[in-house]
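Thanks for coming. I will put one structure on the screen and talk through a few of its side chains.

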Amino acid sequence: MSGVVDLAAVKAAGEAKTKAEQARAESARQGGGGAVSPASLVIDVDEAGFETDVLQRSTEVPVVIDFWAEWCEPCKQLSPLLERLAAEYNGRFVLAKVDVDANQMLMQQFGVQGIPAVFAVVAGQALPLFQGAAPESQIRQTLDQLIQVGEERFGLTGIVVDQEAGAESAPAEVPAGPYDAQLETAAQALDANDFDGAVVAYKGVLADDPVNTEAKLGLAQAELLGRVAGMDPQQVRKEAAENPAQPVAQMAAADLDLVGGHVEDAFGRLVETVRRNFGDDRDAVRVRLLELFEVIGPDDPRVTAARTALARVLF
């Protein structure tokens, strides 16, 4: 990881581009650089294979790194989306998935404070992309900017994908579950920024299956994104600063905090607002905090810490 820095601070872009070109030429000389199968666009990466699978590969194509864990509920929503986009972008970037529980050193080296967290490596240079919940439109915009940087600054034009490769060995389709169609409809509405439609679809699943984890997470995300969609961030921040105990102002600011990846700030803001209020106002803030817990997932350590803090101010 020596020398891996934020792209915004890279002064030797020309040198990195030259090294990337040399690496591609050497790969071609050795018979590499040919078409790859669609399955090669999404890979699991560990500490032992990071040099080859990420750093070396980043001389040919931008590598997007998804830091995730099995217990992380938002990861279960984000990771499939990133995998779908990797297939859709068809070789413009490669998705590397890193299980943080099994690769603590990589997590520390990238300075990951919470998951899901998404970084990229381009020509051996690393940069953060985003952390926490993010709508598909924002993710697409980020990926487009990443690809543009890769092309313009480092000459990375992506890799060729052979759509027929591995087709014969494709696994049989898994039978659809009882709510798969409804969940897919909800996910499509969420991707299209139809937050009201997504809310209705997720609530339809929960009406029949109140403990459906995917629907609970999706509903919490849809409601959150629907609330922030029409906000003026500057005005919301101003009102929150001027009214530190006002529940509505603080809940709106907490929504912005969470969408921006500032999870602990969002939780701390609402815990403090609960402490400052009583009666219906206190209960409204408490309920909003519980809703934001659903977005992050009950097993996330930040949720555990915030639950403890909430209990202290309530009891």
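**Surface, rings and one serine**

The chain has an accessible surface of about 15700 Å², and carbon and sulfur atoms account for 51% of that. Please keep in mind that this is a predicted model. Of the 315 residues in the chain, 45% are buried. As for secondary structure, the chain has 13 helices and five strands. If we take the contacts between residues at least 6 apart in sequence, 71% of them join residues at least 24 apart.

Now the aromatic rings. How many aromatic pairs does the structure hold? There are six. I will go through two.

The first one I want to show is Phe50 with Phe110. Their ring centres are 5.9 Å apart and the planes meet at 75°; the cut-off for edge-to-face is over 60 degrees, so this pair is edge-to-face. In sequence the two residues are 60 apart, and the pair links distant parts of the chain. Phe50 belongs to helix α2, residues 50-56, while Phe110 sits in the loop between α4 (104-109) and β4 (117-122). Are these two buried or exposed? Phe50 has 4% relative accessibility and counts as buried. Phe110, at 10%, is buried as well.

The other pair is Tyr89 and Phe93. Here the centres are 5.6 Å apart with the planes at 65°, so this is again edge-to-face. Tyr89 is buried, with a relative accessible area of 12%, and Phe93 is buried at 0%.

Back to Phe50 and Phe110 for a moment: together with Phe67 and Phe119 they form one aromatic cluster. There is also a charge over a ring to point out. Lys97 lies over the face of Trp68, 5.4 Å from the ring centre.

Last, a polar residue. Where is Ser58? You will find Ser58 in the loop between α2 and β2, the latter being residues 63-68. Its relative accessible area is 0%, and the cut-off for buried is under 20%, so Ser58 is buried.

What does the side chain of Ser58 reach? One partner is the backbone nitrogen of Gly124, at 2.9 Å. On the other side of the account, a polar atom of the Ser58 side chain lies 2.7 Å from the backbone oxygen of Leu55. Leaving out neighbours within four places in sequence, Ser58 is in contact with Val63, Val121, Val122, Ala123, Gly124 and Leu156. Gly124 therefore appears both in that contact list and as a partner of the serine side chain through its backbone nitrogen.

That is what I had.

How values were computed: Residues numbered from 1 in each chain as written. Predicted model: local features only at pLDDT ≥ 70, side-chain atom pairs only at ≥ 80, totals over all residues. Heavy atoms only, no water. Helix = DSSP H or I, 4+ residues; strand = E, 2+ residues; numbered from the N terminus. Buried < 20%, exposed > 50% of the residue type's maximum accessible area, 1.4 Å probe, protein only. Contact = heavy atoms within 4.5 Å. Areas by Shrake-Rupley, 256 points an atom, 1.4 Å probe, with all protein chains shown as cover. Phe/Tyr/Trp six-rings, centres within 6.5 Å; stacked < 30°, edge-to-face > 60°. Lys NZ or Arg CZ within 6 Å of the ring centre and 35° of its normal. Polar contact = N/O pair within 3.5 Å; in protein donor to acceptor, adjacent residues only side chain to side chain.
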